[in-house]
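Q: I should be grateful for a close look at one part of the protein shown below. Please begin with a single residue and then set it in its surroundings.

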Amino acid sequence: MAGGGFCRLPNGTVVVALTLNGPAAGAGPGAQVRVLVHAANRARALTRLRNLGMRAVYLRGNAQPPTPDEVTAVLHHPDGLLWRTAPQTGQELWHPIRALLGSAGYAGPARPAA
């Protein structure tokens, strides 16, 4: 079960934080990852994740909203999508989302044959 939450920023955008089961190759077998998404609203944040191949991502409630440090991290990243293992161990840095999906064999959206 994914845990997560969101916070609305003064400019109207939101930061969504989700704790998900990570892919076996991305963060280690059975590890959980904390994913942060910055978007215009909650629906768009979840759509960004679903477009990357995370189809079964839902946000129910606001039990684990992002911390101020997490909000700062995602706002300062050009993509607005970050992850790291959860719970955090030591001084692990945030990783771009392509590092998680690339190691799991994500090849991007399918292209029609010519």
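Is Ala56 buried or exposed, and what is its relative accessible area?

A: The model is a predicted one, and the answer below describes that model. Ala56 has a relative accessible area of 69%. A residue is called exposed when this value is over 50%, so Ala56 counts as exposed.

Ala56 belongs to the loop between H2 and H3. Along the chain it is ten residues from Leu46, and the C-alpha atoms of the two are 9.7 Å apart. Arg60 is found in the loop between H2 and H3 as well, and Arg60 is likewise exposed, with a relative accessible area of 61%. The C-alpha atom of Arg60 lies 7.8 Å from that of Gly5, although 55 residues separate the two along the chain. To place this loop, one may consider the overall order of the elements. The protein has four helices and five strands, which run β-β-α-β-α-α-β-β-α from the N terminus on.

Consider next the helix that comes before the loop. Helix H2 spans residues 42-51, and its buried residues are Ala45, Leu46 and Leu49. Seen down the axis of H2, these fall within an arc of 95°, so they line one face of the helix. The face turned away from the buried side carries the exposed residues Ala43, Arg44 and Asn51. Leu46, the residue compared with Ala56 above, is thus one of the buried residues of H2. As for what the buried residues of H2 pack against, the partners are strand S2 (14-21), strand S3 (32-39) and strand S4 (81-86). Both ends of the helix offer a further detail. At its start, a side-chain oxygen of Asn41 reaches to within 3.2 Å of the backbone nitrogen of Ala43. After H2 comes Gly53, whose phi is positive, near 110°.

The packing of H2 leads to the interior of the protein. The largest nonpolar core has 20 residues, and those with the most contacts inside it are Leu18, Val35, Leu49 and Ile97. S2, S3, H2, S4 and helix H4 (97-103) each supply at least two residues of this core. Leu18 shows how parts of the chain meet: leaving out residues up to four places away in sequence, it touches Leu46 and Leu49, and also Val57, Tyr58 and Leu59, among others. A second, separate core of nine residues includes Ala17, Leu36, Val71 and Val74. Val33, another residue touched by Leu18, lies in strand S3 and counts as buried, at 2% relative accessibility. Val33 and Trp83 are 50 residues apart in sequence, yet their C-alpha atoms are 6.4 Å apart.

On the other side of the loop in sequence stands helix H3, residues 68-75, where Glu70, Val71, Ala73 and Val74 are buried. Down the axis of H3, these residues fall within an arc of 160°, so they too line one face of the helix. Pro68 and Asp69, on the other side of H3, are exposed. The buried residues of H3 pack against strand S1 (3-8), S2, S3 and S4. Among the buried residues of H3, Glu70 deserves separate attention. It counts as buried at 7% relative accessibility, and its side chain makes a polar contact of 3.1 Å with the side chain of Arg34. Apart from neighbours within four places in sequence, Glu70 is in contact with Ala17, Arg34, Leu36, Pro65 and Trp94.

Some figures for the whole protein complete the picture. Of its 114 residues, 39% are buried. The protein exposes about 6,700 Å², of which carbon and sulfur atoms supply 56%. Among contacts between residues at least 6 apart in sequence, 57% join residues at least 24 apart.

Finally, a word on confidence. The average pLDDT is 79, and 75% of the residues score at least 70. Over residues 104-114, however, pLDDT stays under 50, and the model has six contacts beyond four places in sequence for this stretch. Where pLDDT is low, the predicted coordinates should not be read in detail.

Key
Residues numbered from 1 in each chain as written. Predicted model: local features only at pLDDT ≥ 70, side-chain atom pairs only at ≥ 80, totals over all residues. Heavy atoms only, no water. Buried < 20%, exposed > 50% of the residue type's maximum accessible area, 1.4 Å probe, protein only. Contact = heavy atoms within 4.5 Å. Areas by Shrake-Rupley, 256 points an atom, 1.4 Å probe, with all protein chains shown as cover. Arc of directions from axis to C-beta. Polar contact = N/O pair within 3.5 Å; in protein donor to acceptor, adjacent residues only side chain to side chain. Core = buried A, V, L, I, M, F, W, Y, C linked by side-chain atoms within 4.5 Å. pLDDT = per-residue confidence, 0-100.
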